[in-house]
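Here's a quick walk through this protein, from the overall build down to a few side chains worth a look. Have the viewer open and follow along.

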Amino acid sequence: PYVDLKLTVPTAGGPVSDADRGLGDVTLGVGLAWHHSERLHSVLALDYYVPTGAYSATQIANIGRNHSAWQPVYAVSYGDARGVRADLKLMYTLNQKNRDTGYRSGQEAHADYAVGWGFGNGLVLGAGGYVYRQLSGDRAPAGLANAGRGRAYAIGPSLLYQAPSGWFITAKWQQEGGVRNRSQGDALWLKTVVPLRF
């Protein structure tokens, strides 16, 4: 993933800004897929986050988290080429310890969702976002790091194009709300998936 991050933090002396861009943390995964019907599909997977993104303990904007994580995933998708399209992806993240600081973020549950309408020509227009909850407290070398657990939700418009050969590209903009104990902002996501055939 290529990340372009801009961050502003309010402080007693005024806002402090920082920015970084480059390769973020890479995700590796393995999974099993079921095709229940022509339109209904599901996947059970296990992802592993590799700390490949740049990180510095002295910066406030980091495109890498500097720790690995395991993430079980279940996703279900219903797709009609000319009609309703809906996707739901459930994830549970088990964060590992930051190598430089000894800090370990709490366990996280989150769900990505999307609902749209297919026009029969590969185009899907819709909306999507996520719901996030941190379920356990962070830990620092001296013990409990904070009592507040993160939470947030996001929603925004999305546009997808799927080619007859199977590859697709999607663009979505999401605005966060209900944010507690974590940074808040807007995000623009661009993603493409190309199936490999051997």
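## A tour of the model

Start with the surface: the protein exposes about 12500 Å², and carbon and sulfur atoms supply 61% of that area. Keep in mind that this is a predicted model.

Now for the overall build. The protein has 13 strands and zero helices, so reading from the N terminus you meet β-β-β-β-β-β-β-β-β-β-β-β-β, with strands defined as DSSP runs. The C-alpha trace spans about 55 × 35 × 30 Å along its principal axes. Of the 198 residues, 27% are buried. Among contacts in the protein with a separation of 6 or more, 48% come from residues 24 or more positions apart. As for charge, there are 19 positive and 14 negative charges, and their mean positions sit 4 Å apart.

### Two asparagines with positive phi

Some background helps here: most residues other than glycine have a negative phi. Asn 66 goes the other way, with phi near 65°. You'll find Asn 66 in the loop between β4 (40-50) and β5 (69-79). Asn 181 also has a positive phi, near 60°, and lies in the loop between β12 (168-180) and β13 (186-193).

Which of them is buried, and which is exposed? Asn 66 has a relative accessible area of 5%, so Asn 66 is buried. Asn 181 comes in at 52% relative accessibility, so Asn 181 counts as exposed.

### Rings, and a charge over one

How many aromatic pairs does the model have? The count comes to two, and here they are:

| Pair | Geometry | Centre to centre | Angle between planes |
|---|---|---|---|
| Tyr 48 and Trp 70 | tilted | 4.5 Å | 50° |
| Tyr 161 and Trp 167 | edge-to-face | 5.8 Å | 65° |

The Tyr 48 and Trp 70 pair links distant parts of the chain: Tyr 48 is in strand β4 and Trp 70 in strand β5, 22 residues apart. Why is this pair called tilted? Its planes are 50° apart, and tilted covers pairs that are neither under 30 degrees nor over 60. The Tyr 161 and Trp 167 planes, at 65°, are edge-to-face because that is over 60 degrees.

What about solvent? Tyr 48 counts as partly exposed, at 25% relative accessibility, and Trp 70 is partly exposed too, at 39%. In the other pair, Tyr 161 is partly exposed with a relative accessible area of 30%, and Trp 167 is partly exposed with 34%.

There's also a charge to look for. Arg 182 lies over the face of Tyr 132, at 4.2 Å from the ring centre.

### Around Leu 88

Last stop: Leu 88, in strand β6 (residues 82-95). Is Leu 88 buried or partly exposed? Its relative accessibility is 36%, so Leu 88 counts as partly exposed.

Which residues does Leu 88 touch, leaving out those up to four places away in sequence? The list is Tyr 74, Ala 75, Val 76, Ala 111, Asp 112 and Tyr 113. If you step to Ser 77, you're eleven residues from Leu 88 in sequence, and the two are 6.5 Å apart in space, C-alpha to C-alpha.

Terms used:
Residues numbered from 1 in each chain as written. Predicted model: local features only at pLDDT ≥ 70, side-chain atom pairs only at ≥ 80, totals over all residues. Heavy atoms only, no water. Helix = DSSP H or I, 4+ residues; strand = E, 2+ residues; numbered from the N terminus. Buried < 20%, exposed > 50% of the residue type's maximum accessible area, 1.4 Å probe, protein only. Contact = heavy atoms within 4.5 Å. Areas by Shrake-Rupley, 256 points an atom, 1.4 Å probe, with all protein chains shown as cover. Lys, Arg positive; Asp, Glu negative; His and termini not counted. Charge placed at Lys NZ, Arg CZ, Asp CG, Glu CD. Phe/Tyr/Trp six-rings, centres within 6.5 Å; stacked < 30°, edge-to-face > 60°. Lys NZ or Arg CZ within 6 Å of the ring centre and 35° of its normal.
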